[in-house]
Amino acid sequence: MTTLADILLKGAERFGPREAVADPGGTVTYAELAAGAGRLARALRATGARPGDRSAVVLPNSIAFVRAHFANLLAGLVSVPCDASVTAESFAALAAQACPRILLTDEAGLKRLAAAAPIAAAIEKIFVIDGAGPWSDPRVGSAAAALAAEPDGVFCEQRAPGDLAALMYTTGATGGPKGVMLTHENVLAALRSIVEFVRYTPDDREVVILPLSHNFGLGHVYCNLMSGGAVYTENGLVRVGRVLKALESFRATGFPGTPMGFGMLLDQYGPVLASKGAKLRFCVVNSAPLPPERTAQLQTLLPRLDIMVYYGLTEASRSAFISLTRSGPDHYRAVGKPLPHVELEIRGSSGGRAPAGETGEVVVRGPAVARGYWADEAQTAAAFPDGWLHTGDLGHLDASGCLWITGRLKDLINVGGYKVHPGEVEKVVGTFPAVHDTGAVGLEGLGGLTGEAIVAAVVLRPGHGFDEAGLQRFCLERLEKFKVPARFVAVAEIPRSDTGKVKRADLARLVAVQLAAGPAKN
Amino acid sequence: MSDVDQKLKCIVLETLKIKEADYHEDLTAGDLPAWDSLGHVNLLMAVEREFDVAFEVTDAIDIESVSDLQEMVKKYLALKPGA
């Protein structure tokens, strides 16, 4: 297996009639998935797109997403999976950088992305997965119509392991889009380690509600398809009852999630999770530290569950892995030992390799580490200055070589695994008519939530009252939901440095005090 | 619209911070950005507070839409002593 397309092709050969992917609308076998993706790949190439061209996918978690992503890979295109809720503005910024020639989306995505202005001119063809038109934009066409014109049979453009497979978009150091360049070899190196560590078998069946536009969720789809397992997917915990019922009806053995998601399930739906998830063999938790008390709570609820945690970034997927169940409570705050293909070091303040026990920046290199960022030499040079990925995370290795993450060098806020730069939030909040100045921070444990939530402090213009509901509505109309502050507080002043930069630590203390004091008054 | 339905409407508008024009009985979790997993939990808690009921978790997982909420609230109110 040398490319990601091989996952599907070899899966169809070995496991053809077995169930591969399911969603609330249906299910497909390996053979059906490969045939559908193959036909779509032909349709993509019939547009004139050439190997190495980019093709964006804006679809919710679904069979259609998996088929579209693999169609890109089979066609030899570089797949650019985007968050299903991406706003027109964010997509325009991404498209200006990645220059995709093709966009695969659905009616809802098309409506949202084309609401204010035509979709990026670089895109030559837009396939709508679930619609028949007519559409005013001549670039838009029905995927079903294109597929009808293509013959059955496998199609695969041969690519080399070192060729780019995907651009995975994340938030950059200044809040702009950052396309992480992953080769087939990068992803496969990580997948082989995960399959081995998690001990995937053809009997595994996972409920994956993590966004498939991110490495975490997509990685679990890959792992199951490599192993002959099956995946049920839908969008997050929005329809939480349906997800919990799927654990039982899909006979799930695996359920990856975030600390925030597990926190909510434990607090609100614990008994149902215990009964519906009785067949769960393992869960993998990532995106933020799983608090030890949550691990203990989950382990008590599901005693046979193997709770695993890994450390990884989009740029270096699954660098370290640990089974908290096998390692025991002493290691509940650890993120594990580096996987066999990973070199991981701690760099001390002098820039040299720090000894065991000393805290410094985590740096990583190896075959799973990305090449850099698409069309962004400055950010690539900053993150990969010496052949190592400088993660921006602080931590230490203990005497046994186990990694413990203790902090972060960068300003990014981690909302349930989504990295949000406060500048993105401030840019929008600052345009609210009553706001004179604003600063955003991430706060842990807000309102009983597990993990960080965004809080925006606002300085009001004279004569204006504080309208938290109005601010939230305003942001909901202009930002992806995960970027919308959970709370707003009115303050007299945003603490800033001499150069005007928001002093985030001071601001975090200020808003924490304000929130503890109770609701703001007009 | 019954009193219960009217009260529910107010709670949905207030909790999810949505406009009245976006409200209808078929509105379902996930239809609007504000009705995400956290919005759903907040909505159920607000409804429980307002009507002084506590949904069994096995019932709560069946609530996905405004009409489900209406039905469930009426079922719980009917079970209250003196109803």
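In this predicted model, the buried residues of helix α16 of chain A are covered by elements that include three strands of chain A, namely β23 (435-444), β24 (452-460) and β25 (487-490). The residues of α16(A) that are buried include L507(A), L510(A) and V511(A). Viewed down the axis of α16(A), the buried residues fall within an arc of 90 degrees, so they line one face of the helix. On the other side of α16(A), A505(A), V513(A) and A516(A) are exposed. The helix itself covers residues 504-517, which makes 14 residues, and its first and last C-alpha atoms lie 20 Å apart, close to the 20 Å expected at 1.5 Å a residue. Just past the end of α16(A) comes G518(A), with a positive phi of about 115 degrees.

Two of the strands that cover α16(A), β23 and β24 of chain A, turn up again around another helix, α14(A). Helix α14(A) spans residues 422-429 and is mostly covered, with six of its eight residues buried. These buried residues are P422(A), E424(A), V425(A), E426(A), V428(A) and V429(A). Besides β23 and β24, the elements that cover them include β21 (413-415), β22 (418-420) and α15 of chain A.

It is helpful to set these helices against the domain assignment. For chain A, that assignment gives domain 1 as 4-184 and domain 2 as 413-517. Taken over C-alpha atoms, the centres of the two domains of chain A are separated by 35 Å. How many residues bring the two domains into contact? Nine residues of domain 1 of chain A meet eight residues of domain 2 of chain A. On the domain 1 side of this contact, the classes come to one nonpolar, seven polar and one charged residues.

A further stop is A149(A), in the loop that links α6 (143-148) to β8 (164-171) of chain A. Is A149(A) buried or exposed? A149(A) counts as exposed because it has 10 C-beta neighbours inside 10 Å. Along the chain, A149(A) and R39(A) are 110 residues apart, yet their C-alpha atoms are separated by 9.1 Å.

Chain A also holds an open sheet of four strands, in the order β12-β13-β14-β15, with mixed pairing. The edge strands are β12 (282-285) and β15 of chain A, each of which pairs on one side only. Strands of a sheet pair through backbone hydrogen bonds, either parallel or antiparallel. Walking across the sheet, β12(A) and β13(A) pair in the parallel sense, over four bridges. In this pairing, V285(A) has V309(A) of β13(A) as its bridge partner. Next, β13(A), residues 306-313, is joined to β14(A) by five bridges, and these two strands run antiparallel. A hairpin of two residues connects β13(A) to β14(A), and Y310(A) stands opposite F321(A) of β14(A). Finally, β14(A) pairs with β15(A), residues 337-338, in the antiparallel sense over two bridges. Here F321(A) appears once more, opposite K337(A) in β15(A).

How many residues are buried in the two inner members of this row? In β13(A), seven of eight residues are buried, so to speak of the strand as mostly covered is fair. In β14(A), residues 316-323, seven of the eight residues are buried, and this strand too is mostly covered.

The last contact to describe is the one between chains A and B. It takes 20 residues from chain A and 15 residues from chain B. On the side of chain A that touches chain B, the elements giving two or more residues are α9 (240-249), α10 (259-276) and α15 (468-476) of chain A. Which of these gives the most? That is α10(A), with five residues. By class, this side of chain A has ten nonpolar, six polar and four charged residues. Helix α15 of chain A thus belongs to this list, and α15 is also among the elements that cover the buried residues of α14(A).

Definitions and conventions
Residues numbered from 1 in each chain as written. Chains lettered and ligands numbered in written order. Predicted model: local features only at pLDDT ≥ 70, side-chain atom pairs only at ≥ 80, totals over all residues. Expected span 1.5 Å × (residues − 1). Buried ≥ 20, exposed ≤ 12 C-beta atoms within 10 Å, placed from the backbone. Arc of directions from axis to C-beta. Contact = placed C-beta atoms within 7 Å. Nonpolar A, V, L, I, M, F, W, Y, C, P; charged D, E, K, R; others polar. Pairing = 2+ DSSP bridges. Domains from an automatic or database assignment.
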